[in-house]
Amino acid sequence: MFKPLSIAIAVAMGVIFLRDSLYIGSLIGATVITMGFYTVMWGKAKEVALVEDDKKANHEQANEADLDSTSGSQKAPLLESYKNDEHV
C-alpha cells in the first residue's frame, strides 16, 4: 500500500543526515499529496461503513418480513440443479 507519510520521513532524514537542500515547493507538494491520500482513505472507510450499515438494515428488514409472513412456506431454490451446495 502506498504510504505518503513515509516519503516525508525519508525527505526529513535526507535533510538531517545528508544535508540535502529542502525547497518550499517540495514541502507544499508533500503536504498536498499526504492530505489527499488520507482524505481519500477516510472517505473510503466512511463509504464501507455506510454500505455495511445498509446491508445490516436490509438483512434486519428481511428477517422481520420473514417473521411477519403468515404463510409457512419454506424457501426453495429457483433451479433444481442448485438444490445442493455441490455447485459452489
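The expected span of a helix is 1.5 Å times one less than its number of residues, and helices here are DSSP runs of H or I at least four residues long, numbered from the N terminus, while strands are runs of E of at least two. Keep that in mind for helix 1. Its 15 residues should span 21 Å at 1.5 Å a residue, and its end C-alpha atoms are 21 Å apart, which agrees.

Before going further, a word on what you're looking at. This is a predicted model, in which local features need pLDDT of at least 70 and side-chain atom pairs count only at pLDDT 80 or more, while totals for chains, interfaces and linings use all residues. Residues are numbered from 1 along each chain as its sequence is written, and side-chain values use heavy atoms, with hydrogens and water left out.

Now the overall picture. The chain has two helices and zero strands. Of its 88 residues, 5% are buried, where buried means under 20% relative accessible area, exposed means over 50%, and partly exposed is in between (1.4 Å probe, protein chains only). The accessible surface comes to about 8200 Å², and carbon and sulfur atoms account for 63% of that; such areas come from the Shrake-Rupley method with a 1.4 Å probe, and for residues only the protein chains shown count as cover.

Let's walk from helix 1 into the loop. Leu18 lies in helix 1 and is exposed, at 63% relative accessible area. Helix 1 is then followed by Arg19, which sits in the loop between helix 1 and helix 2. Arg19 has a positive phi of about 60° although it is not a glycine. Most residues other than glycine have a negative phi. Arg19 is also exposed, with a relative accessible area of 71%.

How do the two helices meet up? One pair to look at is Ile7 and Ala30: they are 23 residues apart along the chain, yet their C-alpha atoms are separated by 8.0 Å. Ile7 belongs to helix 1 and is partly exposed, at 44% relative accessibility.

Both helices also feed a nonpolar patch on the surface, each supplying at least two residues: helix 1 covers 4-18 and helix 2 covers 24-68. The patch is formed by Leu5, Ile9, Met13, Ile16, Phe17, Leu18, Tyr38 and Met41, with about 830 Å² of accessible area together. Helix 1 gives the largest share, six residues. Patches are made of residues with over 30% relative accessible area and no salt bridge (a side-chain nitrogen of Lys or Arg within 4 Å of a carboxyl oxygen of Asp or Glu); like charges are joined within 9 Å, and nonpolar side chains (Val, Leu, Ile, Met, Phe, Trp, Tyr) within 5 Å.

Tyr38 turns up again in the one aromatic pair that a search of the whole structure finds. Its partner is Phe37, and the pair is edge-to-face, at 5.2 Å centre to centre with 75° between the planes. Rings of Phe, Tyr and Trp (its six-membered ring) pair if their centres lie within 6.5 Å; planes under 30 degrees apart count as stacked, over 60 as edge-to-face and the rest as tilted. Phe37 is buried at 18% relative accessibility, whereas Tyr38 is partly exposed at 38%.
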